[in-house]
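The following exercises ask the reader to work through a protein model element by element. Please attempt each task before reading its solution.

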Amino acid sequence: MKVAFVNLREQNSRIYEQVKKAIEEIFASSAFVSGRHVAEFERDFARFVGVKECVAVQSGTSALILALKALGIGAGDEVVVPAATFVATAEAVEWVGARVRLADIDPHTWTIDPASVERALTPRTRAIIAVHLYGQCAHMDALREIAQKHNLYLIEDAAQAHGATHNGRQAGSMGDVACFSFYPAKNLGAWGEGGACTTNNSQLAEKIRLLRDHGSPRKYEHVLVGGNFRMEELQGLVLKEKLRYLPQWNQARQQAARLYAEMLTPLAQEGFLQLPHCAPEGSHVYHLYVVSLKNGYDRHHLIEFLASRGIPAAIHYPQPIHLLPAFGHLGYRKGDFPVAEHLFSSCVSLPMHEALTATEVCAVCDAIKEFFVSVTV
Ligand SMILES: *Cc1c(COP(=O)(O)O)cnc(C)c1O
């Protein structure tokens with residue numbers, strides 16, 4: 001059996017006919033950027049998230065940069081970011097000229113630890129970026145309290161969490177502004193690059209709209225120094241069509257995750273693995289199904305073993321932010337964020353996508369069991 005790590009063929013074929021028809025229209029009209037399809041996707045995605053405003057942009061990284069910029073964050077400011085995230089969260093902060101302050105993560109949910117956030121605050125702190133890592137919302141209620149108490153902006157990095165919820169609220173509706181990525185492999189993926197900011201603050205949305213398009217409310221009128229962060233029509237079209245299937249695709253991921261949990265729980269109880277912990281106040285959308293190896297079992301051995309059985313596994317991510325050479329200037333050292341360091345030195349991402357079958361999940365779990373039997377005898 002050959003299991004796929006991600007499988008985009010299934011979802012792409014689902015929308016192919018619709019998209020093909022509309023592409024002919026796009027071709028005929030020559031409206032390739034920021035047209036009707038992008039506007040319709042923005043309307044639909046705002047409704048899906050349950051917010052007033054959605055501004056579609058060129059990528060998730062662009063969404064983070066524009067959100068920070070629109071909030072007026074820049075030189076002299078600090079933004080608290082979890083040490084365990086994809087690099088883009090931290091890059092965006094430095095890209096607008098502000099400084100990253102790191103916080104550790106919760107050892108159970110693997111999202112940013114509110115107590116560690118409080119320790120990272122300084123008089124220069126202006127914002128917290130809560131990353132909904134792997135598809136589970138961060139501790140938004142506790143983070144909101146901290147943000148309110150210290151007069152900080154709360155930004156969601158929801159790039160991995162389209163459709164996740166927390167106490168009945170959607171990812172992307174809980175912060176002052178939220179940033180999504182539609183990179184092809186995300187739960188909602190474009191046929192190229194894509195991203196969006198969502199917010200209930202119309203003034204902020206207007207500012208992001210201006211920044212997205214050369215600070216220009218009308219052609220050749222420039223009221224802000226912006227740039228080109230616009231979304232292409234093809235991406236708006238694909239995303240609008242795919243969005244209709246997102247709830248059922250997320251449900252299929254959750255079903256696969258339940259089966260993983262069922263089959264791997266004995267190994268977790270025997271102390272081989274830590275499984276994803278799903279906090280009761282939220283729903284996890286399993287952008288990634290990540291397990292953490294316990295007791296020093298070597299993840300590279302497991303990954304090689306699985307590969308030999310036709311099962312791809314991956315690492316998200318191999319290094320926390322403070323140990324990346326690009327962030328050496330922050331002055332942190334190994335040992336500063338032990339929970340993030342432990343997760344990123346022990347995590348393995350198992351195959352996860354909406355077309356994953358029960359048979360495939362069973363094959364993955366059987367192979368994992370076989371691996372632990374082989375290393376413990
Ligand atoms: C994918 C991702 C991003 C960046 O999105 P791009 O569209 O690739 O620029 C940012 N943050 C997180 C947590 C991500 O997973």
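The exercises below treat strands, a helix, loops and a surface patch in turn.

The model is predicted: local features need pLDDT of at least 70, side-chain atom pairs count only at pLDDT 80 or more, and totals for chains, interfaces and linings use all residues. Residues are numbered from 1 along each chain as its sequence is written, and side-chain values use heavy atoms, with hydrogens and water left out.

**Exercise 1. Strands S4, S5, S8 and S9**

Task: Determine how strand S5 is paired and how far strand S5 and strand S8 are covered.

Solution.

Step 1. Fix the terms. Strands (E, at least two residues) and helices (H or I, at least four residues) are DSSP runs, numbered from the N terminus. Two strands pair if DSSP finds at least two bridges between them. Buried means under 20% relative accessible area, exposed means over 50%, and partly exposed lies in between, with a 1.4 Å probe and protein chains only.

Step 2. Follow the pairing. Strand S4 (residues 125-131) runs parallel to S5 and is joined to S5 by five bridges; within this pair, Val131 has Asp157 as its bridge partner. S5 also runs parallel to S8, through three bridges, and Ile155 stands opposite Val177 there. S8 in turn pairs with strand S9 (residues 195-199) in the antiparallel sense, over four bridges, with Phe180 opposite Ala196.

Step 3. Assess the cover. In S5 (residues 153-157), four of the five residues are buried. S8 (residues 177-181) is largely enclosed by the rest of the structure, because five of its five residues are buried. Val177, Cys179 and Ser181 point one way from S8, whereas Ala178 and Phe180 point the other way.

**Exercise 2. Helix H4 and its cover**

Task: Which residues of helix H4 are buried, and what covers them?

Solution.

Step 1. List the residues. In H4 (residues 87-95), the buried residues are Ala88, Thr89, Ala90, Ala92 and Val93.

Step 2. Recall helix geometry. An α-helix has 3.6 residues a turn, so residues three or four places apart point the same way.

Step 3. Identify the cover. Contact means heavy atoms within 4.5 Å. The cover includes helix H3 (60-70), strand S2 (78-82), strand S3 (99-103), S4 and S5.

Step 4. Inspect the end of the helix. Gly97, just after H4, takes a positive phi of about 95 degrees.

**Exercise 3. The loop between H10 and H11**

Task: Is Ile321 buried or exposed, and which residues does Ile321 touch?

Solution.

Step 1. Locate the residue. Ile321 lies in the loop between H10 and helix H11 (338-346).

Step 2. Read the accessibility. Ile321 is buried, because its relative accessible area is 0%.

Step 3. Name the neighbours. Not counting residues up to four places away in sequence, Ile321 touches Pro82, Ala83, Thr85, Phe86, Val87, Ala90, Leu102 and Phe327. Ile321 and Thr89 are 232 residues apart in sequence, yet their C-alpha atoms are 9.5 Å apart in space.

Step 4. Check the backbone of this loop. Tyr317 is also found between H10 and H11, and the peptide bond from His316 to Tyr317 is cis, with omega near 5 degrees.

**Exercise 4. The sheet of S10, S12 and S13**

Task: In what order do the strands of this open sheet lie, and which are the edge strands?

Solution.

Step 1. State the order. Three strands lie in the order S10-S12-S13, with antiparallel pairing.

Step 2. Find the edges. Strand S10 (273-274) and strand S13 (347-350) each pair on one side only.

Step 3. Examine one pair. Strand S12 (residues 289-293) is joined to S13 by four bridges, and Val291 stands opposite Val348.

**Exercise 5. Phe32, Ser34 and Tyr220**

Task: Classify the accessibility of Phe32, Ser34 and Tyr220.

Solution.

Step 1. Begin with the loop between helix H1 (9-29) and helix H2 (36-49), which holds Phe32. Phe32 counts as partly exposed because its relative accessibility is 46%.

Step 2. Turn to Ser34, which is in the loop between H1 and H2. At 37% relative accessibility, Ser34 counts as partly exposed. Although not a glycine, Ser34 has a positive phi of about 50 degrees.

Step 3. Finish with Tyr220, in the loop between helix H7 (202-212) and helix H8 (233-243). Tyr220 counts as exposed, at 69% relative accessibility, and has a positive phi of about 65 degrees although not a glycine.
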